[in-house]
Amino acid sequence: MIGVILAAGMGTRLMPLTKDIPKALLKINDITLLERMIKNCIDSGICKFIVVIGYNGEKVEQLSKKLEDKYNIEIKIIINEKYDITNTSVSTYLASRFIEKESLDDFILVNGDNVVDPLIIKRLSKSSNSSMIIDNYKQLNEESFKLIIDNKSFNNDKTITNGIINSIGKELDIDSSTGEFIGISKIVKSDISDFNKFLNESINENPQNYYDFSFKDLSEIKTIDFILTNGLKWSEIDDINDWEYAQRLVEELEG
């Protein structure tokens with residue numbers, strides 16, 4: 001299995017913290033977000049990574065070389081040259097298309113600004129189908145990336161399976177939503193070609209699209225597992241409030 005980490009964005013809402021570095025290089029307890037996520041993946045048996053870079057990418061590449069030696073892992077760097085005028089659909093496609101061309105393995109996809117309970121990654125890595133992590137505990141708001149899942153059934157292993165994504169996005173009605181997609185997912189090898197097709201269609205429609213929307217199309221032809229957090233904590237760091245919460249969360253998770 002491969003860990004794909006998206007670290008190309010500019011993080012403008014976190015200025016001046018991101019004036020000279022991307023969000024993935026912000027440190028909590030002297031460990032960058034990138035290294036912390038790589039450690040979480042290593043603990044789940046992942047030793048090969050792709051990191052997609054853009055804004056101040058050379059700094060991410062320098063750290064990645066150090067992490068390769070430190071943890072005895074492989075990290076391939078892929079550059080999103082248009083990071084400033086595209087969104088996560090393009091960064092994801094660059095990595096996923098490479099994986100398809102090289103006939104590589106299943107991959108876990110995470111945003112470089114995520115801080116999560118390590119158990120979330122472990123649950124995801126054990127899934128046999130393409131999967132999305134859904135927060136079913138957090139109080140939803142207008143900024144939550146919500147989704148509505150139809151025809152869903154529950155398994156004993158804390159997943160929703162056989163569901164089809166009816167709709168996905170921030171604008172959805174809160175009361176009708178199943179939960180929030182936290183930006184952590186898995187695509188199995190047999191689904192990569194279809195996933196890339198949907199990504200490419202989304203990019204052609206608007207290069208500013210999020211990759212998340214491609215899961216809606218994928219769910220209509222493939223089995224997607226929706227793994228519930230069931231109270232496990234996480235944070236995506238978009239603004240200063242998120243940054244402050246992430247620091248508290250790391251203190252809680254790591255003591």
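At what angle do helix α1 and α4 pack, and how far apart are their axes? In this predicted model, helix α1 (residues 33–43) packs against α4 at about 45 degrees, and the axes of the two helices are 9 Å apart.

**Figure 1. Close-up of the packing of α1 against α4.** Angles under 35 degrees count as roughly parallel and those from 65 to 115 as roughly perpendicular; the angle here is about 45 degrees, and α1 and α4 are therefore oblique to each other. The crossing in which α1 passes α4 is right-handed. From α1, the residues M37, N40, C41 and D43 meet P118, I121 and K122 of α4. This contact of α1 with α4 comprises four nonpolar residues, one polar residue and two charged residues.

**Figure 2. Close-up of the packing of α1 against helix α2.** Helix α2 spans residues 57–71, and its axis and that of α1 come within 11 Å and cross at roughly 35 degrees. α1 and α2 form a right-handed crossing. On the α1 side, L34, E35, I38, K39 and I42 take part, and they meet V60, L63, S64, L67, K70 and Y71 in α2. By class, seven residues of the contact of α1 with α2 are nonpolar, one is polar and three are charged.

**Figure 3. Close-up of the crossing of α3 and helix α5.** The axes of α3 and α5 (residues 192–205) come within 10 Å, with a crossing angle of roughly 150 degrees. α3 passes α5 in a left-handed manner. The contact involves S89, V90, T92, Y93, S96, R97, I99 and E100 of α3, together with I192, S193, F195, N196, L199, N200 and I203 of α5. Seven nonpolar, six polar and two charged residues make up the contact of α3 with α5.

**Figure 4. Close-up of the largest pocket.** The space in this pocket amounts to about 1,300 Å³. Its lining consists of 49 residues, and R13, K23, D113, E236 and D238 are those nearest the centre. At least two lining residues come from each of β1 (2–7), α3 (88–101), β13 (179–187), β15 (234–236) and α7 (240–254). Of the elements that line the largest pocket, β13 gives the most, with four residues. The lining of the largest pocket contains 16 nonpolar, 18 polar and 15 charged residues.

**Figure 5. Close-up of the second largest pocket.** The volume of this pocket is about 170 Å³. The residues that line the second largest pocket are L119, K122, R123, K126, S127, D157, T159, D225 and I227. Both α4 (118–125) and β14 (224–228) supply at least two residues of this lining, and α4 gives the most, with three. Five residues of the lining are charged, two are polar and two are nonpolar. K122 of α4 appears in this lining and also in the contact of α4 with α1.

**Figure 6. Close-up of backbone features at P16 and N29.** M15 and P16 are joined by a cis peptide bond, for which omega is about 5 degrees. The loop between β1 and β2 (27–28) holds P16. N29 is placed in the loop between β2 and β3 (31–32). The phi value of N29 is near 55 degrees, which is positive although the residue is not glycine.

Methods. Residues numbered from 1 in each chain as written. Predicted model: local features only at pLDDT ≥ 70, side-chain atom pairs only at ≥ 80, totals over all residues. Heavy atoms only, no water. 1 Å grid on protein atoms, 1.4 Å probe; cavity = no way out; pocket = protein on both sides within 12 Å on 5 of 7 lines; lining within 4 Å. Points joined across faces, edges and corners; volume = space filled by probe spheres on them. Nonpolar A, V, L, I, M, F, W, Y, C, P; charged D, E, K, R; others polar. Axes fitted to C-alpha atoms, helices over the stretch in contact; angles between N-to-C directions. Parallel < 35°, antiparallel > 145°, perpendicular 65-115°, else oblique. Left-handed = near helix turned anticlockwise from the far one by under 90°. Contact = heavy atoms within 4.5 Å.
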